[in-house]
Amino acid sequence: KILERVGGKPLDVLAEELVFKPLGMHNTCYRPLDKGYTDIAATEYDESLKAYKKGIVHDENACFMGGVSANAGIFSTAEDVATLATMLSSGGYHKGKVFISPSLMKLARLDLTGGLGDARGLGFDLKRDNELSAMGDLYPGGSFGHNGYTGTSMYIHGGNGLFVVLLGNRVHFTRQSDKMFRLRRLFHNLCTAEYEKAIN
């Protein structure tokens, strides 16, 4: 609501104008069914719909808000998320221009929750050295990213420029699965090892 008040437009319009279009993320949006997208992975079976949710945000709070919320509701592709990750791994630069200021990027990667369990910056999960993390064992301290409840994640390696995007579907059969954390760790370990082998 603060963004909408300051920007004078709905959040989905602001996201399109200020983030998705400038970055060239042409297949990223809120409420994809309204835009004619149909090639969308279904999430969990919804008793009220008597069908699997497809193109409808899975998060109940965001769904209640009409599918447009700051905490959930953005649909995208691996290619578009990789574009976002490229900008973030470049310190906020995109095609030679400052997209996110260095001071904001520094704040995003600063541990603001020291001593409170998980390390969190402004909008990102952070990796502490020798910490058990979804980023796996090979991502060093200073790595950062975010994961979604339904099984998606994007993590940026804090040293070598690698980023890994995983668009999984943890809730399709049941939301009771606890295996996604282990899958993410193994996946990131594999990607990191292969990347380091390729560049050395």
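**Exercise 1. Place Ser-69 by its contacts.**

Leaving aside neighbours within four places in sequence, Ser-69 is in contact with Leu-11, Tyr-30 and Ala-62. Contact means heavy atoms within 4.5 Å. The model is predicted: local features need pLDDT of at least 70, side-chain atom pairs count only at pLDDT 80 or more, and totals for chains, interfaces and linings use all residues. Residues are numbered from 1 along each chain as its sequence is written, and side-chain values use heavy atoms, with hydrogens and water left out.

Task: find where Ser-69 sits, and say whether it is buried or exposed.

Solution.
- Step 1. Find the segment. Ser-69 is in the loop between α3 (60-64) and β4 (74-75). Helices (H or I, at least four residues) and strands (E, at least two) are DSSP runs, numbered from the N terminus.
- Step 2. Check the accessibility. Ser-69 has a relative accessible area of 6%, so it is buried. Buried means under 20% relative accessible area, exposed over 50%, and partly exposed in between (1.4 Å probe, protein chains only).
- Step 3. Look for a polar partner. The side chains of Ser-69 and Asn-71 make a polar contact at 2.4 Å. A polar contact is a pair of N or O atoms within 3.5 Å; within protein, one must be able to donate a hydrogen and the other to accept it, and residues adjacent in sequence count only if both atoms are side-chain atoms.

**Exercise 2. Check helix α4.**

Task: what span should the twelve residues of α4 have at 1.5 Å a residue? Which residues of α4 are buried?

Solution.
- Step 1. Recall the rule. The expected span is 1.5 Å times one less than the number of residues.
- Step 2. Apply the rule to α4 (residues 78-89). The span should be 16 Å, and the end C-alpha atoms are 16 Å apart, so the two agree.
- Step 3. List the buried residues. In α4 they are Asp-80, Val-81, Ala-85, Met-87 and Leu-88.
- Step 4. Look down the axis. The buried residues of α4 fall within an arc of 160°, so they line one face of the helix. The arc is that of the directions from the helix axis to the C-beta atoms.
- Step 5. Find what they pack against. The partners of this buried set include α2 (11-23), α5 (102-108) and β9 (152-156).
- Step 6. Step past the end. Gly-91 follows α4 and has a positive phi, near 75°.

**Exercise 3. Build the sheet.**

Task: what is the strand order of the open sheet of four strands? Which strands stand at its edges?

Solution.
- Step 1. Recall the principle. Strands of a sheet pair through backbone hydrogen bonds, either parallel or antiparallel.
- Step 2. Read the order. It is β7-β8-β9-β10, with antiparallel pairing. Two strands pair if DSSP finds at least two bridges between them.
- Step 3. Find the edges. β7 (125-126) and β10 each have a single partner strand, so one side of each has no neighbour in the sheet.
- Step 4. Join β8 to β9. They pair over four bridges. They form a hairpin with four residues between them, and Gly-151 in the turn has a positive phi of about 120°.
- Step 5. Join β9 to β10. They pair over five bridges. This hairpin has six residues between its strands, and Gly-161 in the turn has a positive phi of about 85°. Thr-152 stands opposite Leu-167, and Ile-156 stands opposite Phe-163.
- Step 6. Judge β9. Four of its five residues are buried, so β9 is largely enclosed by the rest of the structure.

**Exercise 4. Follow His-146.**

Task: is His-146 buried or partly exposed? What is its bridge partner in β9?

Solution.
- Step 1. Locate the residue. His-146 lies in strand β8.
- Step 2. Classify it. Its relative accessibility is 44%, so His-146 counts as partly exposed.
- Step 3. Find the partner. The bridge partner of His-146 is Met-154.
- Step 4. List contacts. Beyond four places in sequence, His-146 is in contact with residues including Gly-123, Asp-125 and Tyr-155.

**Exercise 5. Lay the helices on the sheet.**

Task: which strands does α4 lie across? Which residues of α6 are buried?

Solution.
- Step 1. Place α4. It lies across β8, β9 and β10, at about 150° to β10. Axes are lines fitted to C-alpha atoms, for helices over the stretch in contact, and angles run from 0 to 180 degrees between N-to-C directions.
- Step 2. Place α6. It packs on the sheet, touching β8, β9 and β10, and its direction makes about 140° with that of β10.
- Step 3. List the buried residues of α6. They are Met-180, Arg-184, Arg-185, His-188, Asn-189 and Thr-192. They cover an arc of only 170° around the axis, which puts them on the same side of α6.
- Step 4. Turn to the other side. There, Arg-182, Leu-190, Lys-197 and Ala-198 are exposed.
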